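Trainee: I am new to this structure and would like a close look at a single part of it, the place where its domains meet. Could you take me through that part carefully?

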Amino acid sequence: MIIMSEYILGKENKIDIKSLNFDELTAFIKEIGEPAFRAKQLYDWMHVKRARNYDEMKNIPKSLKEKLEQKCSYTCLEVVQVQESQIDGTKKFLFGLYDGNVIESVFMKYKFGNSVCVSSQVGCRMGCWFCASTIDGVVRNLLPSEILDQIYAIACYTGEKISRVVVMGSGEPLDNYDNLLKFIELLSDEHGMNLGQRNLTVSTCGIVPKILELAEKKLSINLALSLHASNNDKRKELMPIANKYEIHEVLNACKTYFDKTGRQLTFEYSLVAGVNDSDEDAAELSKLLSGLNCVVNLIPVNPIKERDFKPTDRSHAVKFKDKLEKNRINATIRREMGRDIDGACGQLRRRYVGEKK
Ligand code: SAH
């Protein structure tokens, strides 16, 4: 017999059917006395046709739908709000979850294709100083299906093809490790969305044991590390996680990730005026990263109303980038997408939840 607790549970403590991988769904379907081909049909309804409920699943018999109603939960995200940038067409979505929580996701149009940025938790407990997502801590982990549904819902709303996914919304993905892995499996499954793992990037504040565990999986996903400082003392001021894992330890874990997977590393570095953007910072950063196969993504920090800091201005950011490149460190300045629509991670949700209160 299948023990329910082996599976991820969602609404009403029932099996979250959209979080089952193909093999699990097949085993489950057999277990409830149905032929295996039903699993393929169901998987297709959920992950290819993206039905919003059992009723839409035309070729599934009523008797099976009733069994599923009893044993499983099937939820979809609800679009609560959409903001569209007048500058660059970025769309920011606020989605409602089955339990009344809300999360944010972002749709971005680039020359080389469309990207979606997904959240991995409701809130975050990592406490980074410049981040709006973490101000009220973490509420709960997202289910694999809820991470995935952000992509499905955006594809449905925009009618656009999505060719890249980044886990860079609210939450720390490696703090929700098991569900993240399941999400990756579902996203890249050939029976489902079939997104190549090379088109997926997971961003972390640097939870060393989990980076190493992920490296052992030898997936082909890209790893981005939120670095934001060139030495440990400065990093501690910006990111509490630096008190737990020292900067060299984090970089060594990233290096292991590269050695095991061959995927190029990205280091995210939010430029905060007068805090981490001096010539000395650029020199120290160059030294720190020298010899690593990596690219530094410089992001002028997005202001948030709860904190008093300013982004580095554009011309100074270019100088910082030039300095890195002179020292043979690859660097890019990320286009600031959707600044006119609460662009920074977690701002839209905070405002919405605040207004409701
Ligand atoms: N927890 C993960 C992923 C979510 S945050 C991580 O730390 O990487 C995604 C990225 O946005 C991180 O690099 C984070 O440091 C950055 N970020 C958060 N708030 C920001 C802000 N106000 N301006 C610029 N970058 C920000």
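Mentor: The domain assignment of the protein gives two parts to keep in view, domain 1, which covers 4-73, and domain 2, which covers 78-356, and since everything here is read from a predicted model, the values that follow are computed ones. The C-alpha centres of domain 1 and domain 2 lie 32 Å apart, and where the two meet, 16 residues of domain 1 are in contact with 16 residues of domain 2. Between them the two domains bury about 1,400 Å², with 57% of that area on carbon and sulfur atoms. On the side of domain 1, the residues that lose the most area to domain 2 are K18, Y43 and R50, which together account for 33% of what that side buries.

K18 deserves a second look, for its side chain meets that of D149 in a salt bridge, with 2.9 Å from N to O. Across the interface of domain 1 and domain 2 there are two salt bridges by the rule applied, and the rule for polar contacts finds eight residue pairs there, both residues of each pair being at pLDDT 80 or more. As for the elements involved, α1 (22-31) and α2 (37-47) are those that give two or more residues to the side of domain 1 that touches domain 2, and the largest share of that side, three residues, comes from α2. Sorted by class, the side of domain 1 that touches domain 2 is made up of seven nonpolar, four polar and five charged residues.

Notes. Residues are numbered from 1 along each chain as its sequence is written. This is a predicted model: local features need pLDDT of at least 70, side-chain atom pairs count only at pLDDT 80 or more; totals for chains, interfaces and linings use all residues. Side-chain values use heavy atoms; hydrogens and water are left out. Domain bounds come from an automatic or database domain assignment. Contact means heavy atoms within 4.5 Å. Buried area is the accessible area (1.4 Å probe) that two parts lose on being put together, summed over both. A salt bridge is a side-chain nitrogen of Lys or Arg within 4 Å of a carboxyl oxygen of Asp or Glu. A polar contact is a pair of N or O atoms within 3.5 Å; within protein, one must be able to donate a hydrogen and the other to accept it, and residues adjacent in sequence count only if both atoms are side-chain atoms. Helices (H or I, at least four residues) and strands (E, at least two) are DSSP runs, numbered from the N terminus. Ala, Val, Leu, Ile, Met, Phe, Trp, Tyr, Cys and Pro count as nonpolar, Asp, Glu, Lys and Arg as charged, and the others, Gly among them, as polar.
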